Amino acid sequence: MRRLILGSVFLAGLALLANALVHERIAHAQGATVKNVTSKLLAGKSKADVKKYMKQVAEALGVQCDHCHDTDAMESDVKKEKLIAREMMNMVAELNVHKAIAKKDRVTCMTCHNGKREPK
Ligand code: HEC
Ligand code: HEC
């Protein structure tokens, strides 16, 4: 009995390890690390989360990714729009810093831009 329990614990551990390794391989294959993400809003986030957020940003401004990005090098900061956007992300993070602000009341790009490049 004791051997059986030890055996299962060992197998469970092995399964966990294998799982972790597979996930790491997948993450690596997808290049799932960001290279130049430094705003207060996004620093430390996964590539998947950054991309999800980027879709919201594009929608909030009514633009495509290439409005801010050199699409051959997403990490590049050559476009001034990207630099402005990073400042805006810092601003949004500061505006929402108070923990008492409910999620639904937090300021987003949409709050001011409302689907437009320049707020009216
Ligand atoms: C309004 C400007 C803007 C638009 C539009 C935009 N991005 Fe971004 N993107 C940024 C900024 C700014 C950063 C860096 C954020 C930071 O430093 O926290 C960034 C970072 C990224 C990164 C991380 C790159 C790296 O490795 O450093 C990816 C990936 C990305 N964007 C994808 C997209 C995709 C896909 C779209 C279109 C759906 C998109 N972005 C639209 C401004 C924009
Ligand atoms: C508090 C209001 C406000 C919020 C919130 C806001 N913006 Fe802006 N944004 C502005 C205003 C106003 C301008 C126009 C400034 C000017 O033309 O001098 C602007 C301009 C910009 C521009 C330059 C316009 C262009 O394409 O030439 C970018 C890029 C931008 N915002 C990105 C963002 C992003 C990304 C977010 C969310 C992280 C955001 N903004 C949130 C008010 C806001």
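Phe10 counts as exposed in this predicted model, because its C-beta atom has 10 C-beta neighbours inside 10 Å, and the cut-off for an exposed residue is 12 or fewer. The protein chain that holds Phe10 is built from four helices and zero strands. Its radius of gyration is 21 Å, whereas a compact globule of 120 residues would have one near 14 Å. Two ligands are surrounded by residues of the model: ligand 1 by 26 residues and ligand 2 by 16.

**Overall form**

- Read from the N terminus, the elements of the protein chain follow the order α-α-α-α.
- Along the principal axes, the C-alpha atoms of the protein chain occupy a box of roughly 75 × 40 × 20 Å.
- Burial applies to 6% of the 120 residues of the protein chain.
- When contacts between residues at least 6 apart in sequence are considered, 44% of them in the protein chain link residues at least 24 apart.

**Confidence**

- The protein chain has a mean pLDDT of 90, and 90% of its residues attain 70 or more.
- Within the protein chain, α1 shows the lowest confidence, with a mean of 72, while α2 shows the highest, at 98.

**Helix α1 and its separation from later residues**

- Helix α1 spans residues 2-29 and includes Leu11; Phe10 is also located in α1.
- Leu11 is classed as exposed because 10 C-beta neighbours fall inside 10 Å, where 12 or fewer is the limit for that class.
- Phe10 and Val57 lie 47 residues apart in sequence, and their C-alpha atoms are 46 Å apart in space.
- A C-alpha separation of 51 Å is found between Leu11 and His67, which are 56 residues apart along the chain.
- For Leu11 and His69, 58 residues apart along the chain, the C-alpha atoms are separated by 47 Å.

**Helix α2 and the loop that follows**

- α2 comprises 15 residues, and the distance from its first C-alpha to its last is 21 Å, close to the 21 Å expected at 1.5 Å a residue.
- Gly62 follows α2 and has a positive phi, near 65°.
- His67 is placed in the loop that connects α2 (47-61) with α3 (80-95).
- His67 is partly exposed because 15 other C-beta atoms lie within 10 Å, a count between the limit of 12 or fewer for exposed residues and that of 20 or more for buried ones.

**Surroundings of ligand 1**

- The closest of the 26 residues around ligand 1 are Ser39, Met54, Cys65, Cys68 and Glu75.
- At least two residues of the shell around ligand 1 come from each of α2 and α3.
- α2 makes the largest contribution to the shell around ligand 1, with seven residues.
- By residue type, the shell around ligand 1 consists of 14 nonpolar, five polar and seven charged residues.

**Surroundings of ligand 2**

- Ile84, Ala85, Met88, Cys109 and Cys112 are the closest of the 16 residues that surround ligand 2.
- The shell around ligand 2 draws at least two residues from each of α2, α3 and α4 (109-113).
- The most residues in the shell around ligand 2, six, are given by α3.
- The shell around ligand 2 is made up of 11 nonpolar, two polar and three charged residues.

**From the α3–α4 loop to the segment after α4**

- Ile101 is situated in the loop between α3 and α4.
- Ile101 counts as exposed because it has 12 C-beta neighbours inside 10 Å, and the exposed class covers counts of 12 or fewer.
- Apart from its neighbours within four places in sequence, Ile101 contacts Asn96 and Arg106.
- Asn114 belongs to the segment after α4.
- Asn114 has a positive phi of about 50°, although it is not a glycine.
- Asn114 likewise has 12 C-beta neighbours inside 10 Å and therefore counts as exposed.

Technical notes: Residues numbered from 1 in each chain as written. Chains lettered and ligands numbered in written order. Predicted model: local features only at pLDDT ≥ 70, side-chain atom pairs only at ≥ 80, totals over all residues. Near = placed C-beta within 6 Å. Nonpolar A, V, L, I, M, F, W, Y, C, P; charged D, E, K, R; others polar. Rg over C-alpha atoms; globule rule 2.2 N^0.38 Å. Contact = placed C-beta atoms within 7 Å. Expected span 1.5 Å × (residues − 1). pLDDT = per-residue confidence, 0-100.
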